[in-house]
There are 2 protein chains.
Amino acid sequence: MSRSQAAPDAVDSPLTDRLLAGLPADAVVTDPDITASYAHDMASFCPSGSPAVVVLPRTVEEVQHVMRTATELRVPVVPQGARTGLSGAANASDGCIVLSLTRMNRILEINPVDRIAVVEPGVINADLSRAVTEHGLYYPPDPSSWEMCTIGGNIGTASGGLCCVKYGVTAEYVLGLDVVLADGRLLSTGRRTAKGVAGYDLTRLFVGSEGSLGIVVRAVLALKPQPPQQLVLAAEFPSAAAACDAVCRIMAGGHVPSLLELMDRATVKAVNDLAHMGLPETTEALLLAAFDTPDPAADLAAVGALCEEAGATEVVPAEDAAESEMLLQARRLSLPALEKVRGTTMIDDVCVPRSRLGDLLDGIEQIAEKHRLTIGVCAHAGDGNTHPTVCFDAQDPDESRRARASFDEIMALGLRLGGTITGEHGVGVLKKEWLARELGPVGMEMQRAIKQTFDPLNILNPGKLF
Amino acid sequence: MSRSQAAPDAVDSPLTDRLLAGLPADAVVTDPDITASYAHDMASFCPSGSPAVVVLPRTVEEVQHVMRTATELRVPVVPQGARTGLSGAANASDGCIVLSLTRMNRILEINPVDRIAVVEPGVINADLSRAVTEHGLYYPPDPSSWEMCTIGGNIGTASGGLCCVKYGVTAEYVLGLDVVLADGRLLSTGRRTAKGVAGYDLTRLFVGSEGSLGIVVRAVLALKPQPPQQLVLAAEFPSAAAACDAVCRIMAGGHVPSLLELMDRATVKAVNDLAHMGLPETTEALLLAAFDTPDPAADLAAVGALCEEAGATEVVPAEDAAESEMLLQARRLSLPALEKVRGTTMIDDVCVPRSRLGDLLDGIEQIAEKHRLTIGVCAHAGDGNTHPTVCFDAQDPDESRRARASFDEIMALGLRLGGTITGEHGVGVLKKEWLARELGPVGMEMQRAIKQTFDPLNILNPGKLF
């Protein structure tokens, strides 16, 4: 794309002129047909506007130029990765600069002795995962969108994934960051060492800040050694309560599965309808457990016995890696499959202490009945992190209203059970009214004070989080 | 201790009167003989003053009363745990309130399903470790002072320990906090769930903040299942460089030891002199590796072979748990043993990328020669985190000057090697001139801005960190 393709009126605007003073022409896009495609992420029910311009920098200096320009002209900046987010955190506002980091996609270093990688923010999660595998290393965070989502986006939302029950979330793998601040200055945080406590932990403040405190332009990530191939077991339960009981027994029993996922009946049926996988539709809850230990079959046998104690009607360990992968594929298809049920979904992300998982699933069932909706639940059960997925027809105003109401009731229930409104998807615009309910007035005041400290002009992703 | 024991002039001061309005008499100590014993932690070369009063609250409300009083009267507050710190971060200033959290020492909850403990800040690390063991659980962070130090102190300094190479530092185990702010308001951060991304991560901002942002009064801690008993191997090397090469081979080889420690010749000799343990004094570097895996002997055999490839002259796996414990005991005695060499020590805490560990040890040897000093090095080698311990006679001004100079030169070397001035001991007053050299002007400005946000009157542990 060349400068000549930009709409003439936009090129002549002071904003575009100023941006072009420090960016190559192909990095400044004003063609409305193209900028419109940068308007929003994958969340439903989240308003979005029309960006004035989309910038696609390739260097730290170019990002600094963008932020200096935005500060000078008081123009809001919305940073974006692959826009696979589920909370509207990357949605454009009218007249903003969309700052897409997708062209800053170099893996700068992989070091097997120090077990770190240094990357630019636009690196695709799966690209990094594959690259470190070649060095015998493992980058655990694996959001479902891992083939598309960027490390910068993962850092912005502190993404989770299927492996978190053993390996934790993105936040635990970010050792240090280079961040362009609102006024264009460059801040380095953290370290490339295994340990370090020099000053306040600003690194973690940026992780999960949804682009509202600064623009991450480089990250030092911790890596693990590549574990053995995991082996998966599937267990069928006559009720969600029994499956949750099994989860509690497994975790109280001291087991460390590499994955412990739950799919309820609605989800299993939706996956079968989509992909004809032959999952057992008579089951009320399907639990998938995996181990990547030296002897996964032995660990699966122990966990299988606990599932039977909790009332599992069928326990089927995968024979091999291929069968394991088929089961994981079924789990990964849950959300797209549920989308087919009524055309649209709202994906919730409530996380409760795992001892309350049964209460949460029970309550969600009641909410679904009350609102006469299908709410399919897939869950990172070992973490107590559920994705109740409200299926609705967006063309039907009443059904849409009931969908939104049930979505909110699930968050209220999660908070009552000692949980959080978001385990891994973030607040964005979707849940910003709910953040105050979780954090309370003192918490909100300190959140706003942090924002004010880093972004006094409120130009960094304004209107997100709170 | 009763109110009548307090010095009459102090009791009549507005500060003491105001404190006594919300605290029981035995929680307010003004007897100068007693308050003097709260003056400082265990660091050398760190100035300390005389507190006006020591308060020993038992409840959150009492802590809130202390902070409200301090805000009202603009009196500095120095929070303290067991004062086992090594950077002067808990040192009193003249006229301050010492806020000792040692009486808030209840373990409020241990939950094996959710794998969390909820504790007050004055709980001793070893008390928590033993209590969770009874539930089949494990609280990994294990600073050398674990029999004395408090969880609140561990959180304040983001403490490490021997287990970090596998299990990480204190920061990774703090899920949520209750914090009394400078003005007495109560802030709750974080969560008791396995995951959660609602708002900025304020929890991690408090971890390692050395009491300068708020007073931690309650913590939700993550626990792990109790691992199998670890088995230790000792390997002797003809040079520190060869031992560091072994460390790199072990980590690049994908091994996950539960401990990987190094003691240099000076340290080995000091331990033998102190405890007659019969360690091999002809070795230039002793490496201890441990595994708490299902088959530790097999893992030790693999690591032993890598040690031999790197030039180890002797590789001795412990026969059993008792022999393992003896080797760990030798490691834990390193610092007290080095203290005997010249009467006083300055314990550095430089952490470098582990690939640069050999360069660091080489440089430390040159610094020791240049300054004609014994600098014993024990190190959490697997983390690249070294404790170069400068031995000197505090009565000898020239030796003391050389000790301080070598201490500083080691930090400069650590920074040149891409490391940090402090891996786990914190900045306190000991290293505050060095923080700016590590963080740079933009970093320091943002650190100060955070401090200003949480403590606008600068009454929380002023003069620490920066």
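This is a conversation about a predicted model, going through its domains, strands, one bent helix and two residues with unusual backbone angles.

Student: Where do I start with chain A, and which domains is it divided into?

Tutor: Keep in mind that the model is predicted. Chain A is divided into domain 1, covering 3-100, domain 2, covering 107-225, and domain 3, covering 231-416. Between the centres of domain 1 and domain 3 of chain A, taken over C-alpha atoms, there are 38 Å.

Student: Okay, and strand E8 of chain A, how many of its residues are buried?

Tutor: For strand E8 of chain A, residues 174-180, the count is 7 of the 7, so the strand is largely enclosed by the rest of the structure.

Student: Which strands does E8(A) pair with?

Tutor: One partner is strand E10 of chain A, residues 215-222, which pairs with E8(A) in the antiparallel sense over 6 bridges, and there Asp178(A) has Arg218(A) as its bridge partner. Another is strand E9 of chain A, residues 186-190, which runs antiparallel to E8(A) and is joined to it by 5 bridges, with Leu177(A) standing opposite Thr189(A).

Student: What sits in the turn of the E8(A) and E9(A) hairpin?

Tutor: There are 5 residues between the two strands, and Gly184(A) in that turn has a positive phi of about 95 degrees.

Student: What about E17 of chain A, how buried is that one?

Tutor: In strand E17 of chain A, residues 374-380, 6 of the 7 residues are buried, so this strand too is largely enclosed by the rest of the structure. E17(A) pairs in the antiparallel sense with strand E13 of chain A, residues 259-264, over 2 bridges, where Leu262(A) is matched with Ala379(A). It is also joined by 7 bridges to strand E18 of chain A, residues 385-392, in an antiparallel arrangement, and Gly376(A) has Thr389(A) as its bridge partner there. E17(A) and E18(A) form a hairpin with 4 residues between them, and Gly384(A) in the turn has a positive phi of about 70 degrees.

Student: Switching to chain B, what is the strand order in its open sheet?

Tutor: The 5 strands follow the order E5-E6-E10-E8-E9, and their pairing is antiparallel. Strand E5 (107-111) and strand E9 (186-190) of chain B stand at the edges with a single partner strand each, so one side of each has no neighbour in the sheet. From one strand to the next, the twist averages 10 degrees.

Student: Which helix packs on that sheet?

Tutor: Helix H5 of chain B, residues 125-133, does so, touching E5, strand E6 (116-119) and E10 of chain B, and its direction makes about 35 degrees with that of E5(B).

Student: Back to chain A, how far apart are the ends of helix H16?

Tutor: The end C-alpha atoms of helix H16 of chain A, residues 432-454, are only 19 Å apart, although a straight helix of its 23 residues would reach 33 Å. Within H16(A), a kink of about 115 degrees lies at Gly440(A), shortly before the proline Pro441(A).

Student: Last thing, what is the phi of Arg74(A) and of Asn461(A)?

Tutor: Most residues other than glycine have a negative phi. Arg74(A), however, has a positive phi of about 55 degrees, and Asn461(A) has a positive phi of about 45 degrees.

Student: Are they buried or exposed?

Tutor: Arg74(A), in the loop between helix H4 (60-73) and strand E3 (77-80) of chain A, counts as exposed at 53% relative accessibility. Asn461(A), in the segment after H16 of chain A, counts as buried at 1% relative accessibility.

How values were computed:
Residues are numbered from 1 along each chain as its sequence is written. Chains are lettered from A and ligands numbered from 1 in the order in which they are written. This is a predicted model: local features need pLDDT of at least 70, side-chain atom pairs count only at pLDDT 80 or more; totals for chains, interfaces and linings use all residues. Side-chain values use heavy atoms; hydrogens and water are left out. Domain bounds come from an automatic or database domain assignment. Two strands pair if DSSP finds at least two bridges between them. Axes are lines fitted to C-alpha atoms, for helices over the stretch in contact, and angles run from 0 to 180 degrees between N-to-C directions. Contact means heavy atoms within 4.5 Å. The expected span of a helix is 1.5 Å times one less than its number of residues. The bend at a residue is the angle between axes fitted to the seven residues ending there and the seven starting there. Buried means under 20% relative accessible area, exposed over 50%, partly exposed in between (1.4 Å probe, protein chains only).
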